[in-house]
Amino acid sequence: MIHTMTDATLGDGRSLKIYQPDPARDLEKLVTFLSGLPERERKNMRYNVTDRKVGAQRLAMVDGVDHWRLFAEVDGTVVGDATMDRSLYQWTRHVADLRCAVDPGYEKLGVRAVLLKALVELSGAAGIERLCSEVLDSQPALIATLDSLGFTREVVRKHYAKDLTGAYHDVIVMSNDREPVWRRLSEKLEDMDVQYARMYCGE
């Protein structure tokens, strides 16, 4: 299993730690973070993030081969969570799906960009060439973020998803090649004055 650590200094001077969660130790951190997100964001997620059983299953999937997950932590508190998954089908092994959630209080400090950049760097070593994300029509801020990273809207699936309140939503599939995403994230972090202290990957 690949273990990843990134130390960064945010624009406001606070230290940010990015790391791969431990399924045996970090379930409570995951549930606490996701449960604390605004209701409008939680209801748009693909599963009930307050369900500990589902959270445990998702953490157990992390293998550094087909499933990746990274936490962002400030002063011992998780402020961001990002995942990258790819299909087992051979014809789409070069494609991975990105997801990212960040505490609204840290949204403008570069946490999302640091998390995504760490995942994109891992994707290169895994042979992933294209990145995609499925978003709901009720997530304009997320759509704008993907737009800024050069993701294009490939297809809209009408009434394809139901949120946790039972409301139907269109699902927008967006994607871009890995290299331009990495470049745009690097530029975004430079503009935000986010400084990396170190990064390493190992067994």
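## Cavity

The structure holds one cavity of 30 Å³ or more. This is a predicted model. About 30 Å³ of space lies in the largest cavity. Its lining is made up of Arg58, Met61, Val62, His67, Trp68, Arg69, Thr83 and Asp85.

Three elements each give at least two residues to that lining: helix 3 (52-61), strand 3 (67-74) and strand 4. Strand 3 has the largest share, with three residues. By character, the lining of the largest cavity divides into three nonpolar, two polar and three charged residues.

## Pocket

The largest pocket holds about 740 Å³ of space. Its lining counts 32 residues. Nearest the centre of the pocket lie Glu41, Cys100, Arg112, Gln139 and Leu142. Five elements supply two or more lining residues. They are helix 2 (39-42), strand 4 (77-85), strand 5 (95-102), helix 4 (111-125) and helix 5 (140-148).

What is the split of nonpolar, polar and charged residues in the lining of the largest pocket? There are 16 nonpolar residues, six polar and ten charged. Strand 4 serves the pocket, and strand 4 also lines the largest cavity.

## Nonpolar cores

The largest nonpolar core has 39 residues. Leu16, Met84, Val111, Leu115 and Leu131 have the most contacts inside this core. Helix 4 gives the largest share, nine residues. Helix 4 also contributes to the lining of the largest pocket. A second core is separate and has 14 residues. Met5, Leu30, Phe33 and Leu37 are among them.

Which residues does leucine 16 touch, leaving aside its neighbours within four places in sequence? Its partners are Thr6, Asp7, Ala8, Leu10, Ala72, Glu73, Val74, Val79, Val111 and Val114. One of these, Val111, is itself listed with the residues that have the most contacts inside the largest core.

## Asparagine 176

Asparagine 176 sits in strand 8 (residues 168-177). Is asparagine 176 buried or exposed? The cut-off for buried is under 20% relative accessible area. Asparagine 176 has 11% relative accessibility, so it counts as buried.

The side chain of asparagine 176 pairs with two backbone oxygens. A polar atom of this side chain lies 3.1 Å from the backbone oxygen of leucine 149. The side chain also reaches the backbone oxygen of glycine 150, at 3.2 Å. Setting aside neighbours within four places in sequence, asparagine 176 is in contact with Arg130, Leu131, Leu149, Gly150, Phe151 and Val181. Of these partners, Leu131 is also named for its contacts inside the largest nonpolar core.

## Positive phi

Most residues other than glycine have a negative phi. Histidine 159 has a positive one, near 50 degrees. Histidine 159 belongs to strand 7 (residues 152-162). Its relative accessibility is 57%, and exposed means over 50%, so histidine 159 counts as exposed.

Aspartate 193 is not a glycine either, yet its phi is positive at about 60 degrees. Where is aspartate 193 found? It is in the loop between helix 6 (178-191) and strand 9 (195-202). Aspartate 193 counts as partly exposed because its relative accessibility is 45%.

Key. Residues numbered from 1 in each chain as written. Predicted model: local features only at pLDDT ≥ 70, side-chain atom pairs only at ≥ 80, totals over all residues. Heavy atoms only, no water. 1 Å grid on protein atoms, 1.4 Å probe; cavity = no way out; pocket = protein on both sides within 12 Å on 5 of 7 lines; lining within 4 Å. Points joined across faces, edges and corners; volume = space filled by probe spheres on them. Helix = DSSP H or I, 4+ residues; strand = E, 2+ residues; numbered from the N terminus. Nonpolar A, V, L, I, M, F, W, Y, C, P; charged D, E, K, R; others polar. Buried < 20%, exposed > 50% of the residue type's maximum accessible area, 1.4 Å probe, protein only. Polar contact = N/O pair within 3.5 Å; in protein donor to acceptor, adjacent residues only side chain to side chain. Contact = heavy atoms within 4.5 Å. Core = buried A, V, L, I, M, F, W, Y, C linked by side-chain atoms within 4.5 Å.
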